[in-house]
Number of protein chains: 2
Amino acid sequence: MISCFVQISIVFCCLICPCPAKNRSYGTPNIIIMLMDDMGWGDLGVFGQPSKETPNLDAMAAQGMLLTDFYTANPLCSPSRAALLTGRLPIRNGFYTTNAHARNAYTPQEMVGGISKEEILLPQMLKKKGYVSKIVGKWHLGHRPQYLPLEHGFDEWFGAPNCHFGPYNSSSRPNIPVYNNSEMVGRYYEEFVINKKTGESNLTQLYLEEGLDFIHRQALAQQPFLLYWAPDATHSPVYASKRFLGKSQRGRYGDAVIELDDAIGQILAWLRNLGLDNNTFVFFTSDNGAAVMSGPEESGSNGPFLCGKETTFEGGMREPAIAWWPGHIPAGTVSHQLASVVDVFTTSLTLAGISTPDDRSLDSLDLTPVLLNNSLINRPIFYYRGNEMMAVRVGPYKAHYWTWSNSWEEFNKGINFCPGQEVAGVTTHIQKEHSMQPIIFHLVRDPGEKYPINVVTKEYRDALSRISQVVELHKNTLVPGLPQLNMCDMAVMNWAPAGCEKLGKCFKAPKSQPWKCDWPH
Amino acid sequence: MISCFVQISIVFCCLICPCPAKNRSYGTPNIIIMLMDDMGWGDLGVFGQPSKETPNLDAMAAQGMLLTDFYTANPLCSPSRAALLTGRLPIRNGFYTTNAHARNAYTPQEMVGGISKEEILLPQMLKKKGYVSKIVGKWHLGHRPQYLPLEHGFDEWFGAPNCHFGPYNSSSRPNIPVYNNSEMVGRYYEEFVINKKTGESNLTQLYLEEGLDFIHRQALAQQPFLLYWAPDATHSPVYASKRFLGKSQRGRYGDAVIELDDAIGQILAWLRNLGLDNNTFVFFTSDNGAAVMSGPEESGSNGPFLCGKETTFEGGMREPAIAWWPGHIPAGTVSHQLASVVDVFTTSLTLAGISTPDDRSLDSLDLTPVLLNNSLINRPIFYYRGNEMMAVRVGPYKAHYWTWSNSWEEFNKGINFCPGQEVAGVTTHIQKEHSMQPIIFHLVRDPGEKYPINVVTKEYRDALSRISQVVELHKNTLVPGLPQLNMCDMAVMNWAPAGCEKLGKCFKAPKSQPWKCDWPH
């Protein structure tokens with residue numbers, strides 16, 4: 001069964017553009033997914049960052065396709081990553097919570113849950129055509145043994161299961177382990193140093209080398225590969241290697257961006273050197289909007305968009321995106337296709353000549369007609385926060401059915417998801433329902449969601465009528481997955497990951513005392 | 001005497017970069033200044049506008065230099081234009097008011113004043129080397145006979161003295177005349193149609209043809225020229241020609257931008273066709289920030305910047321800017337030089353090999369080392385609103401000595417210069433003085449002026465100390481010009497411009513009853 005989105009897409013598609021060619025063969029191109037962490041749409045020169053400090057990404061766009069209207073599936077890290085790898089919205093793949101209404105949930109150390117074994121991940125699918133898959137960097141789909149990457153289709157992993165928060169004292173909370181494949185090789189702040197005072201850490205360089213080495217090995221083995229390159233330097237606490245510290249004119253966050261940009265330049269150059277560039281599809285994006293609540297030293301820019309991470313405004317979910325595949329994707333193209341991180345799943349499978357799973361609903365669109373022929377396919381974008389569909393975009397129109405930045409209580413503590421921004425009735429501090437009369441914006445005229453369309457106009461009525469049909473179909477056919485992010489327990493933290501014995505890095509877990517996680521946002 | 005800015009610049013300059021070469025000869029290149037009206041920094045694809053509808057401007061940037069930190073001299077049209085043509089801040093050239101504190105003033109029809117005959121304008125200076133000068137489009141330096149372009153150095157003019165507001169009924173207020181040289185050839189909404197309902201007007205096409213024709217004639221005459229091309233299609237009421245209406249995905253404002261972008265592409269192509277491209281310096285910018293108070297159909301984007309037109313926040317004064325001179329300005333360069341519309345004056349004179357006037361203070365920097373060698377020159381940017389220096393930028397730091405968006409009274413009428421934006425204590429609705437402890441932002445880290453630097457930090461003290469010296473020098477040496485924008489009178493309106501008799505378009509002026517103009521903003 002294909003999902004309702006895809007059904008709609010096909011209907012519209014046939015009206016406005018050539019339907020995607022069936023059974024077209026692209027061989028088995030290598031696939032590299034570069035997923036940034038909390039990087040904002042506005043952090044790239046090509047998307048208007050005034051400092052223009054991303055020459056490699058700007059060149060990548062000039063050699064490939066820039067996607068201006070690309071979205072994540074959730075304004076927070078774990079659900080976004082789960083969506084990328086499953087091609088399904090978090091509401092379907094279980095990466096959400098029902099502990100409270102419309103709350104963002106993720107996978108901190110005390111999280112009991114993780115990616116369900118019922119979910120089929122991209123690397124599992126790609127095995128059908130002999131792809132070897134590696135994840136480098138942040139996993140974030142659960143840190144307990146059964147949830148780790150090598151249990152879900154990846155052949156290799158270098159990185160960590162959780163965010164690089166810390167340092168911790170190891171008695172009340174252990175530091176996050178860094179894994180090489182299925183065994184830990186050290187912990188953050190211990191063997192893998194992050195100096196929170198200076199911001200120095202060589203992790204991005206390690207991740208770069210792991211990526212280059214993997215590419216090289218696969219080139220020699222002449223085996224198709226998936227590299228899921230997910231560095232986390234732009235997530236707070238922001239870090240960069242020594243030679244990049246102080247390089248940016250905009251502080252430590254900019255240093256991290258410059259280092260990532262440099263690394264991406266090296267990866268693309270490596271592909272060229274190895275003669276793999278015409279046979280490797282590279283897709284660059286970020287997991288959610290810039291974490292503007294963290295201030296300018298520790299977070300990026302969402303350009304002209306409203307608010308940031310944690311919210312379902314554009315600043316929380318519109319992502320920078322570049323597709324690169326020399327000789328296949330025409331250079332210097334710009335696409336306004338509404339696209340989503342879930343699409344990476346089906347698009348990758350199409351490129352590899354593999355059919356999508358037929359036993360479940362997918363939310364994932366095949367973007368190959370967009371990438372290769374600059375087609376435009378009509379499809380909606382759903383903006384979820386936890387268990388609630390907060391907003392929907394259809395064409396240029398976005399309707400907010402629910403609005404919320406965060407609670408007054410959190411806001412009054414100084415947690416501000418919309419610093420410097422306030423749109424009356426929109427950036428609300430109570431969960432406000434607008435289902436009877438959604439707030440509608442024309443996102444192309446008004447990307448900043450500042451000027452709600454007057455409800456008494458024909459434009460409003462027409463837009464609402466168009467959106468309502470999409471919403472009705474979506475809601476009527478949606479079967480939510482079992483929520484995986486409800487339970488927390490100190491006992492499940494990274495006390496004794498596999499491999500800890502060899503390193504003398506095991507700690508004793510406390511007694512299990514599970515509780516329903518508190519998700520304030 | 002050179003101005004204090006320039007003195008400072010020279011001092012800093014010698015520390016950080018090669019001083020501009022003296023007496024370097026560039027021949028007498030043609031000069032084209034393209035000045036947009038209320039276009040915002042964020043309206044160009046190259047500056048991050050998500051629709052990416054300015055391929056010609058983006059290409060112009062790729063062939064020339066993009067200036068990311070270019071400023072106007074005032075967040076309103078008339079003073080900004082006076083600054084461009086005189087190389088002096090409005091506080092010096094008289095384009096300000098003293099009727100109330102820190103008020104924006106301009107030249108509506110009832111304005112008695114205009115550009116003083118004491119001011120020396122760029123075309124007057126360029127005559128020394130035989131330049132022929134034409135202004136196409138909006139003048140806005142006074143509409144009474146003694147203030148018109150041909151009285152101030154221009155040899156030709158096609159356009160109008162005031163904004164294209166209207167239509168008026170001709171009894172209480174005449175429509176704005178359109179001039180061909182020193183005689184009117186019709187009026188807006190009469191011979192020069194602007195359909196406010198459909199947004200259709202062919203004015204940009206007329207302005208384009210006037211520009212192309214002038215270039216052609218000068219090419220044939222082999223005479224160096226100044227073309228000051230100042231179309232006003234992006235000023236409310238926004239208009240476009242029939243073939244551009246509906247072309248943009250972002251509405252009428254976008255249509256106007258696409259038409260202007262197309263026209264600019266044609267002008268550059270024309271220069272190439274005539275073999276003039278290597279001998280013509282073209283500079284593109286806008287007179288002030290996007291008029292975001294007008295809503296998305298009638299105004300543009302200030303990208304990530306705070307507020308818009310009328311304010312001294314970045315959204316009011318940071319301008320899109322591109323310098324183009326094939327074979328001279330290296331292609332594809334980006335400069336973060338702090339630069340200002342006043343610099344166009346000295347830069348143009350340097351290119352023409354003409355010394356600046358030595359009998360007055362200029363605020364104008366010679367940008368040729370920046371444009372031709374990508375040098376960086378240390379210099380401040382002053383943000384004035386009427387008679388008050390509201391803020392100053394030195395390096396990445398901007399100190400607000402006064403903050404104001406507009407009064408509560410105006411705001412409560414629905415006039416909002418910062419829609420969707422609110423920074424506590426910064427976007428104030430009272431005129432708030434901070435001279436004892438300016439609010440300081442690091443504009444490179446925080447272009448949106450959202451995170452004031454903590455006053456108890458060393459960074460704050462160091463920045464303030466550096467800025468204070470600049471402010472002291474500026475204030476101690478500043479001699480304000482006689483304010484020209486204080487008096488209004490219905491009798492001075494465009495009742496009977498020269499040439500009206502031939503057209504039967506003269507009206508009788510009412511009796512003179514001058515009053516001190518009310519400038520609410």
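Start with a salt-bridge network in chain A of this predicted model. Select A:Asp69, A:Glu314, A:Arg318, A:Arg393, A:Lys398 and A:Glu449, and you have six side chains tied together by salt bridges. Zoom in on A:Glu314 and A:Arg318: they form a salt bridge in which the closest N and O atoms are 2.8 Å apart. Are these two residues buried or exposed? Both A:Glu314 and A:Arg318 turn out to be buried.

Now jump to chain B and pick the residues with those numbers. B:Glu314 and B:Arg318 also make a salt bridge, with 2.8 Å between the closest N and O atoms. B:Glu314 has a relative accessibility of 0%, so it counts as buried. B:Arg318 has a relative accessible area of 2%, and since the cut-off for buried is under 20%, it belongs in that class too. If you'd like the wider tally before moving on, the whole structure holds 61 salt bridges over all chains.

**Stop two: strand S4 of chain B**

Select residues 132–138 of chain B, which make up strand S4. Seven of its seven residues are buried, so the strand is largely enclosed by the rest of the structure. Which strands pair with it? One is S8(B), residues 225–230, which runs parallel to S4(B) over six bridges. To find your way along that pairing, pick B:Ser133 and look across to its bridge partner in S8(B), B:Leu226. Another is S5(B), residues 156–160, also parallel to S4(B), this time over five bridges. Here, use B:Lys138 as your marker: its bridge partner in S5(B) is B:Ala160.

Stay on B:Lys138 and show its side chain. It forms a salt bridge with B:Asp37, the closest N and O atoms lying 2.6 Å apart. This one links distant parts of the chain: B:Lys138 sits in strand S4, while B:Asp37 is in the loop between strand S1 (30–36) and helix H2 (55–63) of chain B, 101 residues away. Both partners, B:Lys138 and B:Asp37, are buried.

**Stop three: B:Tyr228**

Slide over to strand S8 of chain B and select B:Tyr228. With a relative accessible area of 0%, B:Tyr228 is buried. What does it touch, leaving aside neighbours within four places in sequence? The contacts include B:Lys134, B:Ile135 and B:Val136, along with B:Ile33, B:Leu35, B:Arg81, B:Leu84, B:Leu85 and B:Phe154. For a sense of scale, draw a distance from the C-alpha atom of B:Tyr228 to that of B:Leu148: the two are separated by 14 Å and lie 80 residues apart along the chain.

**Stop four: B:Asn494**

Next, go to the loop between strand S20 (487–488) and helix H13 (500–503) of chain B, and pick out B:Asn494. Loop or not, this residue is buried, at 3% relative accessible area. Show everything around it and you'll see B:Gln109, B:His143, B:Pro161, B:Asn162, B:Pro174, B:Asn175, B:Ile176, B:Pro177 and B:Arg187 in contact, once residues up to four places away in sequence are set aside.

**Stop five: where the chains meet**

Zoom out until both chains are in view, and colour the residues at their contact. You should have 35 residues from chain A and 35 residues from chain B. Which three residues of chain A supply more of its buried area than any other three? Select A:Pro50, A:Arg445 and A:Tyr451: together they account for 22% of the area that chain A buries against chain B. The area buried between the two chains is about 2900 Å², and carbon and sulfur atoms give 61% of it.

Keep A:Arg445 selected and bring up B:Glu297. Their side chains meet in a salt bridge, at 3.5 Å from N to O. There are two salt bridges across this interface, and nine residue pairs in polar contact, both residues at pLDDT 80 or more. Sorted by class, the side of chain A that touches chain B has 15 nonpolar, 13 polar and seven charged residues.

**Last stop: helix H9 of chain A**

Finish with residues 343–352 of chain A, helix H9. Nine of its ten residues are buried, so the helix is largely enclosed by the rest of the structure. Among the buried ones are A:Asp343, A:Phe345, A:Leu349 and A:Ala352. Then step just past the end of H9(A) to A:Gly353, where the backbone takes a positive phi of about 75 degrees.

Definitions and conventions
Residues numbered from 1 in each chain as written. Chains lettered and ligands numbered in written order. Predicted model: local features only at pLDDT ≥ 70, side-chain atom pairs only at ≥ 80, totals over all residues. Heavy atoms only, no water. Buried < 20%, exposed > 50% of the residue type's maximum accessible area, 1.4 Å probe, protein only. Helix = DSSP H or I, 4+ residues; strand = E, 2+ residues; numbered from the N terminus. Pairing = 2+ DSSP bridges. Contact = heavy atoms within 4.5 Å. Buried area = accessible area lost by both parts, 1.4 Å probe. Salt bridge = Lys/Arg side-chain N within 4 Å of Asp/Glu carboxyl O. Polar contact = N/O pair within 3.5 Å; in protein donor to acceptor, adjacent residues only side chain to side chain. Nonpolar A, V, L, I, M, F, W, Y, C, P; charged D, E, K, R; others polar.
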